[in-house]
Amino acid sequence: MLLNSPSNPTGAAYTAEDLKGLAEVLRAHPHALILTDDMYEHIVYDDFKFATIAEVAPDLYDRTLTMNGVSKAYAMTGWRIGYAAGPEKLIKAMAKVMSQTTSNPCSVSQWASVAALNGPHDFLIPRNAAFKKRRDSMLAKINAAPGLTAPTPEGAFYIFADCAGLIGKTSAGGMALSDDLAVCEALLTEAHVAVVPGTAFGAAPGFRLSYATDDAALEEAGQRIATFCQGAR
Ligand SMILES: Cc1ncc(COP(=O)(O)O)c(C=O)c1O
């Protein structure tokens, strides 16, 4: 079972209680391995308390692989460092595959990641506050746009909008909005706003938008999305 909380593409996150419930189910299926991608651990809002399954269900440790990386919390995407903790046999097998394929992550990136992980984390407070402001502003724009609705994400920097209200309509530029792929294509062609169709995540009809960009670009994108939705007939 693959877990990803806070999630890409929705920003939704599991509480410790949610994870305990999932662990209960997993106990009944001892053959199931668990991979948890905790990449957005540090990007949470509204006092949400991050939890991970190895912490709330240590009895499942022998079949849990906990994964993380420096790309999101430390904005170090280009350094290409991810890491994992789990049962020795799994880590040994991973090391074997890595050593025969990429050889290793370079030492410069490894040391930079050590500095990020061991360094002060107080920057997360203003950074998350800036992200939260962007989340709230985009969320308000999405929920005010005719045909779109989105729940409030607990973390990450994505909003997942349901666009069922646009399906079957025609855009102002004459494009048939037959499904979420068509909605995203029309948004790109007519409003020049890039979003990812929900179909790509097995969640149609909807789309993911990322608010990991500057305030001015988000303001402009939000207005363009609103105009696009208002123009659909
Ligand atoms: C949930 C999740 N895990 C992992 C990654 C991978 O990040 P990277 O390849 O930059 O380490 C991403 C990137 O978008 C992500 O959203």
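How far is the sulfur of Cys-229 from the closest cysteine sulfur, and in which residue does that closest sulfur lie? In this predicted model, the closest cysteine sulfur to that of Cys-229 belongs to Cys-163, and because the two sulfurs are 8.7 Å apart, they are too far from each other for a bond.

**Cysteines**

The count of disulfides in the model comes to zero. Cys-184 is likewise in no disulfide, and the nearest cysteine sulfur to its own is that of Cys-163, 6.5 Å away. Since a disulfide requires a pair of cysteine sulfur atoms within 2.5 Å, the distance of 6.5 Å between the sulfurs of Cys-184 and Cys-163 does not qualify. As for their surroundings, Cys-184 counts as buried because its relative accessibility is 6%, and Cys-229, with a relative accessibility of 3%, counts as buried too.

**Ligand site**

The shell around the ligand is made up of Asn-4, Asn-8, Asp-37, Met-39, Tyr-40, Ser-71, Lys-72, Thr-77 and Arg-80. Sorted by class, this shell has two nonpolar, four polar and three charged residues. Contacts between ligand atoms and N or O atoms in the side chains of Asp-37, Lys-72 and Arg-80 are set out in the table below, with the ligand atom given as its element.

| Residue (side-chain N or O) | Ligand atom | Distance |
|---|---|---|
| Asp-37 | nitrogen | 2.5 Å |
| Lys-72 | oxygen | 2.8 Å |
| Arg-80 | oxygen | 2.7 Å |

Asp-37 is thus paired with a nitrogen atom of the ligand, whereas the side chain of Lys-72 is paired with a ligand oxygen, as is that of Arg-80. Taken on its own, the ligand has 400 Å² of accessible area, of which the protein covers 72%.

**Cavity**

The model holds one cavity of 30 Å³ or more, and the volume of the largest cavity is about 50 Å³. The residues that line the largest cavity are Leu-3, Ser-5, Tyr-14, Leu-19, Thr-36, Asp-38, Ala-51, Thr-52 and Ile-53. By class, this lining consists of five nonpolar, three polar and one charged residues. Along the sequence, the cavity lining includes Leu-3 and Ser-5, while Asn-4 belongs to the shell around the ligand; similarly, Thr-36 and Asp-38 are among the lining residues, while Asp-37 is one of the residues surrounding the ligand.

Notes: Residues numbered from 1 in each chain as written. Predicted model: local features only at pLDDT ≥ 70, side-chain atom pairs only at ≥ 80, totals over all residues. Heavy atoms only, no water. Near = heavy atom within 4 Å. Polar contact = N/O pair within 3.5 Å; in protein donor to acceptor, adjacent residues only side chain to side chain. Areas by Shrake-Rupley, 256 points an atom, 1.4 Å probe, with all protein chains shown as cover. Nonpolar A, V, L, I, M, F, W, Y, C, P; charged D, E, K, R; others polar. Buried < 20%, exposed > 50% of the residue type's maximum accessible area, 1.4 Å probe, protein only. 1 Å grid on protein atoms, 1.4 Å probe; cavity = no way out; pocket = protein on both sides within 12 Å on 5 of 7 lines; lining within 4 Å. Points joined across faces, edges and corners; volume = space filled by probe spheres on them.
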